[in-house]
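I opened this entry to keep a record of what I looked up, beginning with the whole chain and ending with one helix.

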Amino acid sequence: MRLQVLEDYEEMSVKAASIVASQVTLKPDSNLGLATGSTPLGMYNNLIKMYKKNLINFKEVVTFNLDEYVGLPADHPQSYHYYMFDNFFDKVNIPPEKIYIPSGVGDDLKQICKKYDQSINSHGGIDLQVLGIGKNGHIGFNEPDNKLRTNTHVVKLTEETINDNSRFFDSIDDVPKKAISMGMSSIMKSKKILLLASGEQKAEAIKKAINGEITTEHPASLLQLHSDVIILVDKNAAKLLATTNT
Ligand code: PGA
């Protein structure tokens with residue numbers, strides 16, 4: 001794991017965007033694994049700026065998103081489909097047919113999950129996976145548990161995650177209780193992983209991910225087993241780390 005501690009959220013976002021841009025420059029047809037949530041918003045904004053300045057071209061890029069809420073249609077403002085188009089896809093030139101996000105709506109969610117894995121595999125897996133981290137150590141919606149699922153699957157969200165995500169909804173009762181999440185296998189098979197965390201509320205999760213024991217009860221700790229992980233954190237998220245750079 002390579003850890004870089006940046007001054008603040010903006011510096012972290014600029015750095016994250018430059019890593020994604022380097023990936024796309026070196027391999028224009030990269031398969032990017034993308035994340036939602038508050039954390040990557042600054043990275044997306046910086047990528048959009050770079051695109052507008054002709055510093056990056058996404059026309060051959062393929063994207064796979066980590067997750068989607070079960071029951072929210074693509075046009076629901078809190079769906080991750082909506083988030084991705086609103087915050088990124090509508091502002092850059094990734095061809096729509098190269099954008100993959102699991103649908104949270106359908107009669108046969110198991111089939112949706114299976115097809116999602118087939119799409120990832122038929123493209124040869126993910127070159128660079130961007131990840132946020134939950135306060136409970138989840139990555140994607142792979143929640144702490146005594147076992148983790150390898151493939152894309154339907155997951156019951158933990159109380160903590162429902163609480164954390166309620167800030168985006170009118171009321172906690174509106175937060176979906178289930179989601180579809182890419183499994184640990186696709187994440188761990190990604191050639192490169194970029195984990196982002198900002199703010200003191202993530203400090204404990206980051207400490208456990210980097211220095212804690214490797215356990216399914218803290219899914220991000222499994223990243224210690226991956227050979228090419230870059231972790232970018234701001235100073236607040238690094239607060240509980242013994243060393244600031246490794
Ligand atoms: P956040 O979510 O970026 O909104 O903090 C991260 C996550 O839960 O994975």
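How much area does the protein expose, and what share of it do carbon and sulfur atoms supply? I find about 11,300 Å² exposed, with carbon and sulfur atoms supplying 50% of it (Shrake-Rupley method, 1.4 Å probe).

I note that this is a predicted model, in which local features need pLDDT of at least 70 and side-chain atom pairs count only at pLDDT 80 or more, while totals for chains, interfaces and linings use all residues. Residues are numbered from 1 along each chain as its sequence is written, and side-chain values use heavy atoms, with hydrogens and water left out.

I next looked up the overall fold, and found seven helices and 10 strands in the protein (DSSP runs, H or I of at least four residues for helices and E of at least two for strands, numbered from the N terminus). The radius of gyration is 17 Å, close to the 18 Å of the globule rule for 246 residues, so the protein is as compact as a globular protein of that length (taken over C-alpha atoms; the rule is 2.2 Å times the number of residues to the power 0.38).

I then checked burial, and 54% of the 246 residues are buried (under 20% relative accessible area, 1.4 Å probe, protein chains only).

Last, I turned to helix H7, residues 203-211, whose buried residues are Ala203, Ala205, Ile206, Ala209 and Ile210. These lie on the same side of H7, because they cover an arc of only 160° around the axis (from the directions of the helix axis to the C-beta atoms). Their cover includes strands S1 (2-6), S9 (192-197) and S10 (229-234), by contact of heavy atoms within 4.5 Å.

Definitions and conventions. Buried < 20%, exposed > 50% of the residue type's maximum accessible area, 1.4 Å probe, protein only.
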